[in-house]
Structure formats: structure tokens, C-alpha cells
Amino acid sequence: MKPKPITNPPQDAAARRAIQPVVCYPVETLPRPDLSAYRALRNDLELVDRITVPARDAACWSVPAGHFCRILCTEGAQVGDLNLFNANNLAERLYTGKTRALNGTHVGLGDQLFSNMPYLRPIATITHDTLDWYGFDEFGGSVHDVIGTRCDPYTNNLLSHGGQYHHCCHSNLTRALAIQTGKSLVEAEGHIHDVLNVFMCTGFTRDTGQYFMKASPVRPGDYLEFFAEIDLLGCMSACPGGDCSSEHSSDAAACYPLEVEVYRSGHLPENWRPPQLNGYDRSHGV
């Protein structure tokens, strides 16, 4: 909670608050995908891989460029914390901060997920979302956020005065990536990054600006689908908070596995080209 202000407001406080906001990143010049070209392929897909992400644990999988990937709710309402990497270069990975700046706090149909600098390019395009009906609710909540960081054992340690909980999403992702790559836990942990909170319903309180979560509207049969713009390595944790209706990092919440399916299409989207690395020359003014 924010403390009560101790500074008297200036006489023009109301006028200052009334100043109209300016969008930080006007996106009129941002190259946008032809979503119809992607969706035209969806009726002729071949399932080539299926992965189960166990409850309160994580798993990794590969999605070759030009393939589709679906994250499915199959047994009960469950949130997933997703990391995405360039499968050929772990240094390039999902950058939720810039994805948020260019798309908004929550992502959905037609949005692209961007990688970190200096690569900064779209690495995945969301092609279907069965929860797109939810929109924003009266509390300002919506699904599939790129604002949360992932539940982690370090914050849990701080808030519990020394607790040691090992099934936070950060630890789950670390273990899974270590197993997938053969790296040590210390090496793997350095690659874990802020997540796309798949199916999670979140927002900010209007009075205190605090990040909140509420029961996810996801039900068995719902899924989020994306097209891999580059070769991707996915790593996802089935959050120990279940549907995140009350708490996360918990052994008490009802939790369920999530399924991941990878599909191959007989064709690539019309006029599709692999995204190029960002064109900035990296001279930084020198």
C-alpha cells in the first residue's frame, strides 16, 4: 500500500492531472503480420508433437520456424508461465517489456511477441485465442499478461521471512531448462526471463496501482495458439497457484497439467519471410 501523501498539492494539481496522455510508442509504422495468411493454414495442420507440462512443474519443447504451437487447458483451470528462446541462440529470448510496450499489457489474436535487444524482432505471432471473448473486466483485468514476472523463490523468501519453496515457476523453469540443455542449475537460471502468463487473469488496482490476479476464466478445451517466426525453444511452468484465484507458490491450490501441441502446415503463409535481426548498427553514437 502506498503511504498517505505528505506533500501538499499545488494550486494547479487538478490541471496537471487533467493533461491528456500520449502513447509512448505509436505503432502505425510497425510492420504488422497478415493474420489472414496465417489463419488460412489452420485447417490443414499435422500434429507432430505433444508435450505434457506436469502440475507444479515445467517442461521444454521445440517449435521449428513455420510451425504452429498450441497451449491447451485439458483437465481444469490452470495458469502457465511461458519462456521462449531462439532454439539456436539462448541469448535471444522473449522480451516482455518491449512486447508490452508495442502491444499492451495483455496479448491476444494478431499480436506478436518480440525478442530482447540487440535482436528485437518478432519471434512468434498469436494466431488463435479461445479466450479473446474476455476482453477487460470491470476491475481492469484481462488474460495472457506480459506484466507479471513469474512467482519465484526469492520473493517468497522475502515475504515469508526465510521460507524455502522450490516449486515456484522460476525454479520450475530453471530445472526444466537445465534438463533440456544439460546446463547446471546456476547456468540455466541466468537464462530464465519474465514470462507470458498464459491464461492468467491480471491487472492493476485503480487506487493503489498494485498488480492483482483473479480466477482465470480458462476451462478445459481452451487454448492459445502461436506461429513460430523463428526456431523456438519453449519452456513453461504449470503454476503452483493453479487458476491463481487466491495465491501462488502454494501446495494447497488445485493444480492441473497443461498440454502443448506442435503442428506442421503443408505450406508457409503467403508472402511470409523469416524476421530479420534488428537493423540498428549498434554504434550508439560513437
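The exercises below, each with a worked solution, concern the predicted model shown above.

Residues are numbered from 1 along each chain as its sequence is written. Because the model is predicted, local features need pLDDT of at least 70 and side-chain atom pairs count only at pLDDT 80 or more, while totals for chains, interfaces and linings use all residues, and side-chain values use heavy atoms, with hydrogens and water left out.

**Exercise 1.** Find how many residues the largest nonpolar core has, and which of them have the most contacts inside it.

*Solution.* Begin with the term: a nonpolar core is a set of buried Ala, Val, Leu, Ile, Met, Phe, Trp, Tyr and Cys residues joined through side-chain atoms within 4.5 Å, where buried means under 20% relative accessible area, exposed over 50%, and partly exposed in between, with a 1.4 Å probe and protein chains only. The largest such core has 36 residues, and those with the most contacts inside it are Trp61, Leu82, Leu84, Leu196, Phe199 and Leu232. Its largest share, four residues, comes from strand β9, residues 196-204; here helices (H or I, at least four residues) and strands (E, at least two) are DSSP runs, numbered from the N terminus. A second, separate core of 13 residues includes Leu90, Leu177, Ala188 and Ile192.

**Exercise 2.** Determine how strand β2 is covered and which strand is joined to β2.

*Solution.* Looking first at burial, five of the six residues of β2 (residues 58-63) are buried. Turning to pairing, which requires that DSSP find at least two bridges between two strands, β2 runs antiparallel to strand β12 (residues 232-238), and six bridges join them. Within this pair, Ser62 stands opposite Leu233 in β12.

**Exercise 3.** Decide whether Asn172 and Arg70 are buried or exposed, and name the side chain with which each makes a polar contact.

*Solution.* Take Asn172 in helix α5 (residues 169-181) to begin with: its relative accessible area is 0%, so Asn172 is buried. Its side chain is joined to that of Ser237 by a polar contact of 3.0 Å, the term meaning a pair of N or O atoms within 3.5 Å, where within protein one must be able to donate a hydrogen and the other to accept it, and residues adjacent in sequence count only if both atoms are side-chain atoms. Next, Arg70 belongs to strand β3 (residues 68-73), and a relative accessible area of 13% means that Arg70 is buried. The side chains of Arg70 and Glu225 are joined by a polar contact of 2.6 Å.
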